[in-house]
Amino acid sequence: MKVLTPAIQKGGTGKSAISVQLAYYLHLIMGLRVVVLDLDHQGNSSTALTTGGIATVSGTKASALFTAQALVIEQSAFVVIPADGSELNKMVAQGDKHNEYATNLKRSLKAIGGQFDLCIIDVNPNPDIRQIAALVVSDFVVSPVQLAQESISGIGSMLNDPTIGIRRIQSRVNPKLKLLGILPNLVEPTPFQKNNFADLARQFGNLMIPLNGGFAAIKKSTAVFEAQAAGRPVWMSSKTSSRQAWQMIQPVFDELAKLMDLQPVDTSAISPAPVVDILVTES
C-alpha cells in the first residue's frame, strides 16, 4: 500500500476536497482499493464520504491508529476511517507520547496495507503530531496552495521548517518521502491571481507539477463545492458546470496517479455510478 498526504501549513486551500475527489477517482475510475484516513479534527473528508454513501465508513476511528488499539478495518475496496475530533485533539497536548504515536501509526498502516493499494491521509493544517506523523509514514506528499501572497510566502516554511519541513523529514526520518509538487488550487482568473501564479512559477517552478506545457492547477468551481456537500464525485452530475470542472480536474489527477506509479485495474466489476443532479438549479 502506498501512502499519500496532501499537506500544507495553511487552512482553506481545498485540501479535503482534493483528498475526497481524488479518492473517488482512484477507486471508481481506476479501480484501485483506497482507504482515506481523516486526521483533521474538523472531519470534512469524513463528512463528505459518509454523506455520499459510496465509501464504507469504518467503525474504527482515526485516533485508534495512533494508540495501537486492535484494528478492525471492514473488508471493502473503498473505506474511510473517520476523524474523531476530540480524541485527535487530545493527542496534540500529550507531547511525551508523540514518538509512540508516530510509531503506532506506522505499524497500523502496515497492518492494513494488504487490503488497499493507496491510503490518502487528510491532515489538519497545523504543524502538530498528526501532520508530522502522516509525513513520516507517507510515500508521497502534494501541497495544495491558494494564489495569495501569504500562501506563497509559506512555501519556504513548508519545505524548511526545522520541525515539520518536508526536507527535514526527508533527511532525518523518511528518505522515501517524495514531494509530487505544489498544486495551485481554487484558482480564479483575476489579474491578482494571475500575477501570483507567475510569481509562484518564478520562485518555485521546479517544485510545481508540469502539465500540458505549463503547470497543473485546479480552478475554483462551485461544482466542486456542490459535489463535496452532496458527498459525490464531481463528474456524477449532468450539469454543464460539473462536466467542465471535471474536464479541468481529471488531467491533474491522471498526472498525480502517474507520478505515484498507480496503474488502473479492471473496472468491469465496479458498478457504474449513476449520473445525478447534485442541485436542482443550474449554478
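Which residues is M158 in contact with, leaving aside its neighbours within four places in sequence? The tour comes to that at its second stop. First, some ground rules.

The model is predicted, so to speak: local features need pLDDT of at least 70, side-chain atom pairs count only at pLDDT 80 or more, and totals for chains, interfaces and linings use all residues. Residues are numbered from 1 along each chain as its sequence is written, and side-chain values use heavy atoms, with hydrogens and water left out.**Stop 1: the whole chain**

Show the whole chain as a cartoon. Its secondary structure comes to 11 helices and nine strands. Here helices (H or I, at least four residues) and strands (E, at least two) are DSSP runs, numbered from the N terminus.

Now show the C-alpha atoms alone. They fill a box of roughly 50 × 45 × 35 Å, taken along the principal axes. The chain has a radius of gyration of 18 Å, which agrees with the value near 19 Å that a compact globule of 283 residues would have. That radius is taken over C-alpha atoms, and the globule rule is 2.2 Å times the number of residues to the power 0.38.

Turn on the surface. The chain exposes about 12200 Å², and carbon and sulfur atoms supply 52% of it. Accessible areas come from the Shrake-Rupley method with a 1.4 Å probe; for residues, only the protein chains shown count as cover. Of the 283 residues, 54% count as buried. Buried means under 20% relative accessible area, exposed means over 50%, and partly exposed is in between (1.4 Å probe, protein chains only).

Contact means heavy atoms within 4.5 Å. Among contacts between residues at least 6 apart in sequence, 78% join residues at least 24 apart.

**Stop 2: M158 and I164**

Select M158, which is found in helix 7 (residues 155–160). With a relative accessible area of 3%, M158 is buried. Leaving aside neighbours within four places in sequence, M158 is in contact with A7, I8, Q9, S143, I164, G165, I166 and I182. For a sense of distance, add V252: it is 94 residues from M158 along the chain, and the two C-alpha atoms are separated by 22 Å.

One of the contacts of M158 is I164, so select that residue next. I164 is found in the loop between helix 7 and helix 8 (166–172). Its relative accessible area is 1%, and I164 is therefore buried. With neighbours within four places in sequence left aside, I164 is in contact with Q9, P127, Q131, I132, L135, M158 and I169. Q9 appears in the contacts of M158 and in those of I164. The C-alpha atoms of I164 and N44 are separated by 23 Å, with their positions 120 residues apart along the chain.

**Stop 3: helix 1 and helix 2**

Select residues 15–29 for helix 1 and residues 44–52 for helix 2. At what angle do helix 1 and helix 2 pack? The angle is about 40°, and the axes are 9 Å apart. Axes are lines fitted to C-alpha atoms, for helices over the stretch in contact, and angles run from 0 to 180 degrees between N-to-C directions.

The contact is made by S16, S19, V20 and Y24 of helix 1 and by N44, S45, A48, L49 and G52 of helix 2. By class, it has four nonpolar, five polar and no charged residues. Ala, Val, Leu, Ile, Met, Phe, Trp, Tyr, Cys and Pro count as nonpolar, Asp, Glu, Lys and Arg as charged, and the others, Gly among them, as polar.

Stay on helix 1 and pick Q21, which lies there. Is Q21 buried or exposed? At 2% relative accessibility, Q21 counts as buried. Not counting residues up to four places away in sequence, Q21 touches A227, Q228, R232, P233, V234 and F253.

**Stop 4: two positive phi values**

Most residues other than glycine have a negative phi. Select L186, where phi is near 55°, a positive value in a residue other than glycine. L186 is in the loop between strand 7 (178–184) and helix 9 (191–204), and at 15% relative accessibility it counts as buried.

Then select D261, which has a positive phi of about 55° although it is not a glycine. D261 lies in the segment after helix 11 (240–259). Its relative accessible area is 49%, so D261 is partly exposed.

**Stop 5: A217**

Finish at A217, in the loop between strand 9 (214–215) and helix 10 (222–230). At 21% relative accessibility, A217 counts as partly exposed. Leaving aside neighbours within four places in sequence, A217 is in contact with L183, P184, V187, F197, M248 and V252.
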